[in-house]
Amino acid sequence: MASDNVLTLAAALSSGTIVLDGGMSNQLEAAGHDLSDALWSARLLADRPEAIVEAHLAYYEAGADVAITSSYQATFEGFARRGIPHGRVAELLGLSVELAREAARRAHAEGVTRPLWVAASVGPYGAMLADGSEYRGRYGLSVAELERFHLPRLEVLAAAGPDVLALETVPDTDEARALLGGVRGLGVPAWLSYSVAGDRTRAGQPLEEAFALAAEADEVIAVGVNCCAPEDVDAAVATASRVTGKPVVVYPNSGEAWDAGARAWKGSSTFTAAQVGGWERAGARLIGGCCRVGPGAIAGVTAALHGA
């Protein structure tokens with residue numbers, strides 16, 4: 001279903017800063033859902049769609065203007081391993097957009113008056129593999145092969161009518177090229193967001209080179225970083241703004257580290273609402289959180305940006 005908003009997200013970015021939501025998985029886990037599965041939160045599209053609506057609603061109520069759908073790890077290949085046929089997967093991808101729209105309708109019914117947008121998540125190839133390779137990139141596939149992987153999902157998600165496609169947690173420039181090729185001509189704007197370590201992509205390419213790919217892409221309305229340490233954001237925002245001249249999108253993790261052996265998060269959160277003012281001054285116009293950043297933190301971001 002298409003957005004009821006009169007104002008497009010691209011137009012809104014020209015006049016102010018937009019608050020993104022936080023992590024979908026941590027909100028679902030906080031509600032008691034088991035996500036120890038290769039499909040991660042995408043499994044609940046089939047099993048517990050109402051839980052996804054409730055997670056989106058919690059973020060809208062916390063002040064988020066944009067909900068990112070639960071399609072990050074939803075792919076035709078990943079669902080096929082569970083015996084789910086192609087047609088049903090297409091339905092589930094479309095459903096991910098509709099569930100976020102339903103949450104927006106409920107938020108408006110409960111008194112939220114501001115525009116609410118939906119970003120359809122397009123995770124990297126490595127998310128489908130569910131082996132952590134989305135944080136390394138360089139899968140041994142060509143740009144053309146990666147584009148062939150992404151295009152069917154991009155087409156289905158675009159047809160579902162999101163306000164924007166979130167090309168997110170991209171680990172390297174090869175995959176960025178593939179995704180930018182895939183969104184061309186779909187008629188839906190996109191943002192491109194890399195996962196980074198310091199001043200480089202996860203695959204080791206300089207961020208100047210990575211961001212430059214989006215500079216001339218008319219479909220891309222924002223470029224930036226997500227699923228990274230908060231400490232990596234400041235320099236990345238400045239680089240993205242300088243290289244592209246576009247609004248910058250940032251939604252880092254909490255700062256805790258994932259211990260794959262123990263299957264647990266370690267360390268302390270370093271994400272604070274006090275950081276977002278600096279990001280905004282450097283050019284960030286879409287600001288939120290990723291893994292382990294919940295509604296409470298997003299409420300803090302909203303207050304810091306809008307004085308709410």
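Hi everyone, this short talk covers one strand and one helix of the model above.

A quick note on the source: this is a predicted model, where local features need pLDDT of at least 70, side-chain atom pairs count only at pLDDT 80 or more, and totals for chains, interfaces and linings use all residues. Residues are numbered from 1 along each chain as its sequence is written, and side-chain values use heavy atoms, with hydrogens and water left out.

Let's begin with strand β5, residues 190-194; strands here are DSSP runs of E, at least two residues, and helices are runs of H or I, at least four, numbered from the N terminus. Five of the five residues in β5 are buried, meaning under 20% relative accessible area with a 1.4 Å probe, protein chains only. A190, L192 and Y194 point one way, while W191 and S193 point the other.

What about its neighbours? β5 pairs in the parallel sense with β4 (164-170) over four bridges, and with β8 (220-226) over five; pairing takes at least two DSSP bridges between the strands. Y194 is the bridge partner of V170, and V223 is that of L192.

Now to helix α13, residues 295-306. Its twelve residues reach 16 Å from first C-alpha to last, close to the 16 Å expected, which is 1.5 Å times one less than the number of residues. Its buried residues are P295, I298, V301, T302 and L305. They fall within an arc of 110° seen down the axis, so they line one face of the helix; the arc is taken from the directions from the helix axis to the C-beta atoms. Just after α13, G307 has a positive phi of about 70°.

Conventions:
Buried < 20%, exposed > 50% of the residue type's maximum accessible area, 1.4 Å probe, protein only.
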